[in-house]
Amino acid sequence: MSMPQKKKRGELIVLSGPSGVGKSTVIAELLSSRRDIHFSVSFTTRQPRTGEADGVNYNFVSREEFERMIAADELLEYAEYVGNYYGTSLKVIREQLDQGVDVLLDIEVQGAAKVRERCPEAVLIFLIPPSIEELSRRLHRRNTDEEEVIQRRLEKARQECRECVRYDYLVVNDAVVSAAGEIQSILQAEQSRTQKRLHLAESIIGQD
Ligand code: ADP
Ligand code: 5GP
């Protein structure tokens, strides 16, 4: 008699890294081959950049609305970053995970620490640039922020990269395709964890 399959709960995957390291670019590459992953669209009070769409890159909201969401406990985590609020909707994440869908969060380090506290089983991946000079080049090339904002983001980058020791995996974004491939391998390995596969061995080793 075949054993009933345990209903798989989705995996919560957190990707952090300094602004401009290439998180969005690597995520786009990853999602092009892993269409089964749900990308969590965060809420933010920052102004949309050219090319960004409401509901796609972020849900753009006012400070008032964001503070209402904090007060109503609607966020899994939130943080203030370079003068703006950013946060993750608890409801959407919970629904997806309950349906067995893997969920990917692109969030900064304070938010990731909060996720670690609330969801210890989450997989935390930190993306670093090949060098600080390359990070500066990428921030300038993106051409979306004022020089002063870029300088603040570069200063913050050094502090943020120190937090990488709290993450499960460290990936260098040298070439986009390789970085995305490495993340795919990490996710594959996570699926093979004994604790997640014990149900496959039950019929062989028996149940007590
Ligand atoms: P983040 O989401 O981390 O803020 P982006 O994905 O917006 O960063 O990338 C910042 C800039 O760096 C963009 O112009 C992007 O095209 C470029 N970029 C991203 N990854 C790489 C890479 N591996 N090599 C060269 N340029 C990259
Ligand atoms: P950006 O303004 O460059 O889009 O994002 C700035 C930083 O905010 C990035 O490090 C990004 O990962 C982070 N961020 C985006 N969404 C969230 C979120 O929902 N929560 C937290 N804590 N950080 C977020």
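Which residue has a side-chain N or O atom 2.6 Å from an oxygen atom of ligand 2? That residue is R46, and I will come back to it shortly.

First, the ground rules. This is a predicted model, in which local features need pLDDT of at least 70, side-chain atom pairs count only at pLDDT 80 or more, and totals for chains, interfaces and linings use all residues. Residues are numbered from 1 along each chain as its sequence is written, chains are lettered from A and ligands numbered from 1 in the order in which they are written, and side-chain values use heavy atoms, with hydrogens and water left out.

Let me start with ligand 2. There are 18 residues around it, and R46, Y58, Y86, D106 and E108 come nearest. A residue is taken as near if one of its heavy atoms lies within 4 Å of the molecule. Sorted by class, this shell holds five nonpolar, six polar and seven charged residues. For the classes, Ala, Val, Leu, Ile, Met, Phe, Trp, Tyr, Cys and Pro count as nonpolar, Asp, Glu, Lys and Arg as charged, and the others, Gly among them, as polar.

Now the individual distances. Besides R46, S42 has a polar side-chain atom 2.7 Å from an oxygen atom of ligand 2. G87 takes part through its backbone, with a polar atom there 3.0 Å from an oxygen atom of ligand 2. On its own, ligand 2 has 510 Å² of accessible area, and the protein covers 96% of that. Those areas come from the Shrake-Rupley method with a 1.4 Å probe; for residues, only the protein chains shown count as cover. Two elements give two or more residues to the shell around ligand 2, namely β5 (75-81) and β6 (84-89). Helices (H or I, at least four residues) and strands (E, at least two) are DSSP runs, numbered from the N terminus.

Back to R46. It is found in the loop between β3 and β4. Is R46 buried or exposed? R46 counts as buried because its relative accessibility is 8%; buried means under 20%, exposed over 50%, and partly exposed in between, with a 1.4 Å probe and protein chains only. The C-alpha atoms of R46 and Y58 are separated by 9.4 Å, with their positions 12 residues apart along the chain counted as the separation.

T45 lies in that loop too, between β3 (42-44) and β4 (58-60). T45 is also buried, at a relative accessible area of 12%. What does the side chain of T45 contact? It makes a polar contact of 3.4 Å with the side chain of N84. A polar contact is a pair of N or O atoms within 3.5 Å; within protein, one must be able to donate a hydrogen and the other to accept it, and residues adjacent in sequence count only if both atoms are side-chain atoms. In addition, a polar atom of the T45 side chain lies 2.9 Å from the backbone nitrogen of Y85.

Next, two residues with backbone angles to check. V82, which is not a glycine, has a positive phi of about 45 degrees. V82 sits in the loop between β5 and β6 and is buried, with a relative accessible area of 18%. D73 is not a glycine either, and its phi is positive at about 60 degrees. D73 belongs to the loop between α2 (63-71) and β5, and it counts as exposed because its relative accessibility is 56%.

G111 is in helix α4 (residues 109-118). It is buried, with a relative accessible area of 0%. G111 and G87 are 24 residues apart along the chain, and their C-alpha atoms are separated by 7.9 Å.

Last, ligand 1. It is surrounded by 15 residues, the closest being G20, K23, S24, T25 and R142. The shell consists of four nonpolar, six polar and five charged residues. A backbone N or O atom of K23 lies 2.8 Å from an oxygen atom of ligand 1. R142 places a polar side-chain atom 2.7 Å from an oxygen atom of ligand 1, while R141 has a side-chain N or O atom 3.5 Å from a nitrogen atom of the ligand. Taken alone, ligand 1 exposes 560 Å², of which the protein buries 79%. The elements giving two or more residues to this shell are α1 (23-33) and α5 (132-142).
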